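The following exercises concern a single protein model. Each sets a task and then works through the solution step by step.

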Amino acid sequence: YPLTIRGLSRLTSTKDERKTLEGMARGTVDIVIGTHRLAQADIHFDNLGLLVVDEEQRFGVDVKEHLKAMRASVDVLTMTATPIPRTLHMAMLGIRDISNLTTPPANRLAVETRVCRFDETLLRHAIDRELARDGQIFFVHNRIHDIEKIANKIRMIAPHITIGIAHGRLREAELEQVMVDFVAGRTHLLLATTIIESGLDIPRANTIFINESDHYGLADLHQLRGRVGRSHHRAYCYLIVNESTRLTSTAARRLRAIQEFSSTGAGFSLAMRDLEIRGAGELLGEEQSGQIQSIGFTLYMELLQQAVQSLKDGKELDLNSSFHGAEINLRIPALIPDDYLPDVHMRLVLYKRISNAKNPSDLKDIQVEMIDRFGLLPDAVKNL
């Protein structure tokens, strides 16, 4: 049957917005597509059944928790090229299902990514190279108050190009005209804030400069880089760091990761690296940083996996039962001596593998590997 579909954003007129809100509350609007406006307090659904969160990295945890709290049970589908660490962690633990699309479109080339200082010669060369192949350029600067100053800098570097400026404080008609001119090819370079991060598909634009790139998150950088390379041409992404800036260790790791993972379909690998850098956060509630350290990561993961498996098996989790079994003390040495294996890290890895062995066959494999790598086993290791 015909569906009633409405949109909600800051560009929606007051009259249309009121009609949409009334239709949602009465159930006469079947699908509503909106921005963060959908997470505000005056939003009410008659019978919310499905929540689709596109470009999930643009929404905070509190927004998603608020949307899910509108009903006791709602199906949630999140779509993103770079899942936030908490969502990815839940998928890796089996709490949420995950599906990957890793095949790039035909003839799509990876974006060549370079980290560099702000250098006028480099910028001029990159701009001229793009214009020589009849292309266009993005320049991302995420501060509105001095965006005109950056535009003047670019005009001094390349006086022969035309520049359009786009940011969220422009009036609707102005912003639309700037974007129409760029899509039509009437401007060579679009100087913009991160409002271009998602939704733009302009095949002629194949060079992007991201100014002060050390201030962005991994997901932001990957999404911005995705604005170029949308045709068969080789695309270039320049991650610019100011001359006077001293990078923090975390920022350096982010930039190294975005440069390392530049192949098509690298979003999942980047998200995994982001999980390593930022941590997973709380699985329930709105906290972005969790309390795993209070009980230790290993015990936390074991408890969580046990809980997830019990729920999948339809069993009731017994929170009062002891997690660990009986402790056995045989009064004999059972360890890996340091004169047998001097490397402390390797000893810890082997202790962990032995502890996690599920059957005698697993233990036999570890035993064969240790004899092959380090020699015959001492009695203490055999006891272990």
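**Exercise 1.** Determine which residue forms a salt bridge with E369, and where the two partners lie.

*Solution.* In this predicted model, the partner of E369 is R353, and the closest N and O atoms of the two are 2.9 Å apart. The next step is to place both residues: E369 belongs to helix α12 (residues 360-374) and R353 to helix α11 (residues 344-356). The pair, 16 residues apart, thus links distant parts of the chain. Finally, consider exposure. E369 has a relative accessible area of 25% and is partly exposed; R353, at 34%, counts as partly exposed.

**Exercise 2.** Find the salt-bridge partner of E212 and explain why the pair ties together separate parts of the chain.

*Solution.* E212 pairs with R143, with 2.6 Å between the closest N and O atoms. E212 is located in the loop between β9 (205-210) and α7 (218-225), whereas R143 is located in the loop between β6 and α5 (147-157), so the salt bridge ties together parts that are 69 residues apart in sequence. As to exposure, E212 is buried because its relative accessible area is 12%, and buried means under 20%. R143 counts as partly exposed at 29%.

**Exercise 3.** Describe the salt bridge between R114 and E112, and set it in the context of the whole structure.

*Solution.* The side chains of R114 and E112 meet at 2.5 Å, N to O. R114 is partly exposed at 32% relative accessibility, and E112 is partly exposed at 30%. A search of the whole structure finds twelve salt bridges. Salt bridges that share partners also join E17, R37 and D42 into one network.

**Exercise 4.** Decide how many disulfides the model contains, and justify the count for C116.

*Solution.* Begin with the cut-off: two cysteine sulfur atoms must lie within 2.5 Å. The cysteine sulfur closest to that of C116 is in C237, at 9.2 Å, which is too far for a bond. Taken from the other side, C237 is in no disulfide either, its nearest cysteine sulfur being that of C116. The count therefore comes to zero disulfides, given the 2.5 Å rule. C116 is buried, with a relative accessible area of 15%, and C237 is buried at 1%.

**Exercise 5.** Identify which residues gather in the patch of positive charge, and which helix gives the most to the patch.

*Solution.* The patch on the surface is formed by R6, K15, R18 and K19. Helix α1 (residues 14-26) gives the most, with three residues. One residue of this helix is K15, which counts as exposed at 58% relative accessibility.

**Exercise 6.** Examine N107 and D134: what is the sign of phi in each, and where do the residues lie?

*Solution.* N107 has a positive phi of about 65 degrees although it is not a glycine. This residue lies in the loop between α3 (85-92) and β5 (112-117) and is exposed, with a relative accessible area of 64%. D134, likewise not a glycine, has a positive phi of about 60 degrees. D134 lies in the loop between α4 (120-132) and β6 (136-140) and is exposed at 54%.

**Exercise 7.** Establish whether Q57 is buried or exposed, and how far it lies from I84.

*Solution.* Q57 sits in the loop between β3 (50-54) and α2 (61-68). With a relative accessible area of 12%, Q57 is buried. Q57 and I84 are 27 residues apart in sequence, and their C-alpha atoms are 5.8 Å apart in space.

How values were computed: Residues numbered from 1 in each chain as written. Predicted model: local features only at pLDDT ≥ 70, side-chain atom pairs only at ≥ 80, totals over all residues. Heavy atoms only, no water. Buried < 20%, exposed > 50% of the residue type's maximum accessible area, 1.4 Å probe, protein only. Patch = residues over 30% accessible without salt bridge, like charges linked within 9 Å, V, L, I, M, F, W, Y side chains within 5 Å. Areas by Shrake-Rupley, 256 points an atom, 1.4 Å probe, with all protein chains shown as cover. Salt bridge = Lys/Arg side-chain N within 4 Å of Asp/Glu carboxyl O. Lys, Arg positive; Asp, Glu negative; His and termini not counted. Charge placed at Lys NZ, Arg CZ, Asp CG, Glu CD. Helix = DSSP H or I, 4+ residues; strand = E, 2+ residues; numbered from the N terminus.
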